[in-house]
Amino acid sequence: MFVFRRKNLIIVSVLIITAITFALCFGALSVKSIGNYDKGAVKVVLDAGHGGIDGGVVGINTKVKESELNLKVVKKLEKYLVNAEIAVILTRETDAGLYGVATSNLKKKDMQKRREIILNADPTLVISVHMNKYSVSTRRGAQVFYKPSDEEGKLLANSIQDSFNGMKEATRPFSALTGDYYILNCSDYPSVICECGFLSNPEDEALLITDEYQDKIAYAIFKGIINYLAGETTSVPEFN
């Protein structure tokens, strides 16, 4: 497991993010290093939640499937990471589920396959992308979850949450929260679930179905990953 610590890497992180932003605005993105790690030393598993017959939650107005949006965000996030010369492994690359030809216990087989991919990858960290739902339609915003016993996962979650909170579309700050989910518990690698917004909220849904906002969400996750790797992790205040 390859994790970076502080030691003057905050400056490096700021310079990297500045360079990335400049490249996005003025040309092709090409980031050659992050901190002082050897090229190819960092691997990230990107997990697009749901898929196949399991579409996840649906949009309150458009009825868009969560699984479709998850994959779109993951594909955009993949491009940012690959352009930064970070190795990426996807748990799924299409709209299909991961249960193969199984006719029963599809969800269980799907999740076991994701675990298998993660373990075989031996990654630096795991990012699972999802969309949220809540019984009250006014609830909105992006939030990150991590396993309670995963200290590195907490640092990663705080870094991504801080990035989410800094988006201009954020209406209020959130705290990264602990969660008891299979994708977090199935390995000992630093792992987080990024809930990118609430499809039960009309405003969030209207943003999440657009290519532009999907790209902003992907970049926010990417920025959080970079800051984590460079050691610029933050302790996000507790918000209700």
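Let's start with helix α4. In this predicted model, 11 of its 15 residues are buried, so α4 is largely enclosed by the rest of the structure. Which residues of α4 are buried? Here is the roll call: E152, G153, L156, A157, N158, S159, I160, Q161, S163, F164 and N165. And what do they pack against? Three strands and a helix: β3, β4, β6 and α7.

A quick check on geometry. The 15 residues of α4 should span 21 Å at 1.5 Å a residue. The C-alpha atoms at its ends are 21 Å apart, so the two values agree.

Now two residues on that helix. Take S163 first. S163 sits in α4, which runs over residues 151-165. Its relative accessible area is 9%, so S163 counts as buried, the cut-off being under 20%. Leaving out residues up to four places away in sequence, S163 touches A220, K223 and G224.

Next, I160. Setting aside neighbours within four places in sequence, what is I160 in contact with? The list is I127, V144, V192, C194, I221, G224 and I225.

That takes us to the nonpolar cores. In soluble globular proteins, nonpolar side chains tend to be buried together. Here the largest nonpolar core has 46 residues. I127, I160, F164 and I221 have the most contacts inside it. Which elements give two or more residues to this core? They are β1 (43-48), α2 (66-83), β2 (87-90), β3, β4 (143-146), α4, β6 and α7 (211-229). The largest share, 11 residues, comes from α7. Apart from this core lies another one, of 11 residues. Its members include I118, A121, V126 and I193.

On to open space. The second largest pocket holds about 270 Å³. Its lining counts 18 residues. Which of them lie nearest the centre? H50, K107, H130, Y181 and I193. Four elements give two or more residues to the lining: α3 (106-121), β3 (125-132), α5 (182-185) and β6 (191-198). Of these, β3 provides the largest share, with 4 residues. By class, the lining has 7 nonpolar, 5 polar and 6 charged residues.

Stay with H50 for a moment. H50 is in the loop between β1 and α2. At 16% relative accessibility, H50 is buried. Its backbone deserves a look too. Most residues other than glycine have a negative phi. In H50, phi is positive, near 65°.

E85 is another case. It is not a glycine, yet its phi is positive, at about 60°. Where is E85? In the loop between α2 and β2. Buried or partly exposed? With 28% relative accessibility, E85 counts as partly exposed.

Last stop: P148, in the loop leading from β4 to α4. Its relative accessible area is 52%, so P148 counts as exposed, the cut-off being over 50%. P148 and L177 are 29 residues apart in sequence. In space, C-alpha to C-alpha, P148 and L177 are 8.6 Å apart. Neighbours within four places in sequence aside, P148 is in contact with T178 and G179.

To recap: α4 is largely enclosed, with 11 of 15 residues buried. I160 of that helix is among the residues with the most contacts inside the largest nonpolar core. And H50, with its positive phi, is among the residues nearest the centre of the second largest pocket.

Key. Residues numbered from 1 in each chain as written. Predicted model: local features only at pLDDT ≥ 70, side-chain atom pairs only at ≥ 80, totals over all residues. Heavy atoms only, no water. 1 Å grid on protein atoms, 1.4 Å probe; cavity = no way out; pocket = protein on both sides within 12 Å on 5 of 7 lines; lining within 4 Å. Points joined across faces, edges and corners; volume = space filled by probe spheres on them. Nonpolar A, V, L, I, M, F, W, Y, C, P; charged D, E, K, R; others polar. Buried < 20%, exposed > 50% of the residue type's maximum accessible area, 1.4 Å probe, protein only. Contact = heavy atoms within 4.5 Å. Core = buried A, V, L, I, M, F, W, Y, C linked by side-chain atoms within 4.5 Å. Expected span 1.5 Å × (residues − 1).
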